[in-house]
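This report describes the fold of one protein chain, going from the overall composition to the sheets and then to single residues.

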Amino acid sequence: MDALGVYVLTFNCARNFADVDVFANHFFDALPASGAGSSAPDLIFLSLQEIAPIAYSFLGGSFLLPYFDAFRRAVQKAAAQRWDHHYVNFLTDNTGMTGLMLFARDDTLDKIAWKDTAHVGLGVQEMGNKGAVGARLGYVVEGYPSKTVDLTFVAAHLAPMEDSYEQRNLNWKSIVERLVFTHNSNGSKRLADMSTVDENTSLLDDAASAHAEGSRRDLFAPNAYLFLAGDLNYRTSNIGPSIREIEHFPRRNVDIDNPSHYSHLLKNDQLVREMSYGRTFHSLSEAPIDFPPTYKYSDAAREAVRRGLDTGDHEWEWSNHRWPSWCDRVLFLDKPSWVGEAGKVKPIAYDALPLFAQSDHRPVALVASVPLLPSSASSNTENVRAVAPFSIDPNWKSKRDTARQKEIVVGALAYLGLTREGNGLLLASLLGIFGAWFILRSMLEV
């Protein structure tokens, strides 16, 4: 059975520009050196949190272009360094400060028939300082005209702090209820136009039409694979660390039996606990974690990276007011409801990339293989997956529209008050108003 290679990477950018060269040099570190999963993936999914300062994120559009473009250039450079392949960024979207980017290898782009998007704010007043953005696409399978393998990708950023695990569970509930996908009828035409290969355009149009006629809009569409990645913010304790506990933070070069080995801290992971109790991320799975915590690294650790002093032998340096935790995760639905064991997602590698100087998080990447078995190729006689744990909120659209209006207001105020360009614009406006008043007053006094 043919399979689709997927590379999923999540990164909290800490509102900073990505260092293109450094990011490119390590972007594919999670790929195996040889064997299964070592070849160029068909699709790349980037989940980005805190992609830019709140003013640029909330205003969106051209304000975010430089931040997304840095990752676009990093992916192109990383691919060029490793293979003779080019990747096309065919979809970029965001909900406030949470961004999503999808790339297709140049020889697979023409197989993407359609794409849908979805947005939900999870922050203050349901705005996008925390939130999720989703994309669903149809990938045409050779031998099955007008039929697709459907894939859903969700980038998410949930509530912070050790004691907020219940709020994170509620964030998940909001994602299921209000992350509703809307179809873009012009998607297949634009995708075909982006590719130099156009012989399959009619096939893509047929698949897009079939999708539009009877598509499911909720997160748990029964015929779709699902990958969810982001800063999910689940911690390894319900309260912050004490001075005494800081002494037992994970250390770098210790034996697995040592109490300071990170595996002992993983036993207290909130996400594993809450999932086991059925309180969050229902029906989703995660590959085994065999890497150290990805958050929160200290400013000293980031400075060491910036100066090139962290060679991999130095001790980890953690911020002493947060428990080291696996905040950055990639989850997946291992199989849609219509496939058997042969149709399960196969995780090949799951690992953290090095610490970058721009962020106190380490990126995390999943390498996975998705069977290319279209939904119509199997009968839907047995539902082997749990139904959606929550129903769609009938007011999802009005809530998102209202929150978006608030984002624009907050973004504009933040732009004027917190950015150099905005300060200059505000000063120029005030000077203009004062000048006009002075001229008018002079005219009236004459």
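The text below takes up the whole chain, its two sheets and three residues in turn.

**The chain as a whole**

The model is predicted. The protein chain holds twelve helices and twelve strands. Of its 446 residues, 53% are buried. The chain exposes about 19700 Å², and carbon and sulfur atoms supply 52% of that area. Among contacts between residues at least 6 apart in sequence, 77% join residues at least 24 apart.

**The sheet that contains strand 1**

One open sheet has six strands in the order 3-4-2-1-12-11, and its pairing is mixed. Strand 3 (87–95) and strand 11 (346–352) are the edge strands; each has a single partner strand, so one side of each is left without a neighbour in the sheet. Neighbouring strands of this sheet are turned against each other by 15° on average, direction ignored.

Strand 1 (residues 3–12) is mostly covered, with nine of its ten residues buried. In the strand order, strand 1 stands between strand 2 and strand 12. Strand 1 pairs with strand 2 (residues 43–49) in the parallel sense over seven bridges, and with strand 12 (residues 364–371) in the antiparallel sense over eight bridges. Single residues mark both pairings: F11 has L48 of strand 2 as its bridge partner, while Y7 has V367 of strand 12.

The link from strand 1 to strand 2 involves a helix. Strand 1, helix 1 (residues 20–26) and strand 2 make a right-handed β-α-β unit. Strand 2 also runs antiparallel to strand 4 (residues 98–105), to which it is joined by seven bridges. In that pairing, S47 stands opposite L100 of strand 4.

Helix 3 (residues 65–82) lies across strand 1, strand 2, strand 3 and strand 4. Helix 3 runs at about 150° to strand 3.

**The sheet that contains strand 5**

Another open sheet of six strands has the order 8-5-6-7-9-10, again with mixed pairing. Its edges are strand 8 (182–183) and strand 10, each with a single partner strand, so one side of each is left without a neighbour in the sheet. Strand 5 (residues 112–121) and strand 6 (residues 131–140) pair in the antiparallel sense over nine bridges. Within this pair, K115 stands opposite L137 of strand 6.

Helix 4 (residues 165–178) lies across strand 5, strand 6, strand 7 (148–157) and strand 9 (224–231). Its direction is at about 130° to strand 5.

The strand pairings described for the two sheets are listed here.

| Strand pair | Sense | Bridges |
|---|---|---|
| Strand 1 and strand 12 | antiparallel | eight bridges |
| Strand 1 and strand 2 | parallel | seven bridges |
| Strand 2 and strand 4 | antiparallel | seven bridges |
| Strand 5 and strand 6 | antiparallel | nine bridges |

**Three residues**

N89 is placed in strand 3, which is an edge strand of its sheet. The relative accessible area of N89 is 14%, and N89 is therefore buried, the cut-off being under 20%. The side chain of N89 reaches two backbone oxygens. That of L91 is at 3.1 Å, and that of L102 lies 3.0 Å from a polar atom of the N89 side chain.

T108 is found in the loop between strand 4 and strand 5. These strands belong to separate orders: strand 4 to 3-4-2-1-12-11 and strand 5 to 8-5-6-7-9-10. With a relative accessibility of 2%, T108 counts as buried. Not counting residues up to four places away in sequence, T108 touches D42 and Y139. A polar atom of the T108 side chain lies 3.4 Å from the backbone oxygen of D42.

K344 lies in the loop between strand 10 (328–333) and strand 11. Strand 10 is an edge strand of its sheet, as strand 11 is of the sheet with strand 1. K344 is partly exposed, with a relative accessible area of 30%. Leaving aside neighbours within four places in sequence, K344 is in contact with D334, K335, S369 and P371. K344 and V370 are 26 residues apart in sequence, and their C-alpha atoms are 7.2 Å apart in space.

Conventions
Residues numbered from 1 in each chain as written. Predicted model: local features only at pLDDT ≥ 70, side-chain atom pairs only at ≥ 80, totals over all residues. Heavy atoms only, no water. Buried < 20%, exposed > 50% of the residue type's maximum accessible area, 1.4 Å probe, protein only. Helix = DSSP H or I, 4+ residues; strand = E, 2+ residues; numbered from the N terminus. Pairing = 2+ DSSP bridges. Right-handed = clockwise from strand over helix to strand, strands pointing away. Axes fitted to C-alpha atoms, helices over the stretch in contact; angles between N-to-C directions. Contact = heavy atoms within 4.5 Å. Areas by Shrake-Rupley, 256 points an atom, 1.4 Å probe, with all protein chains shown as cover. Polar contact = N/O pair within 3.5 Å; in protein donor to acceptor, adjacent residues only side chain to side chain.
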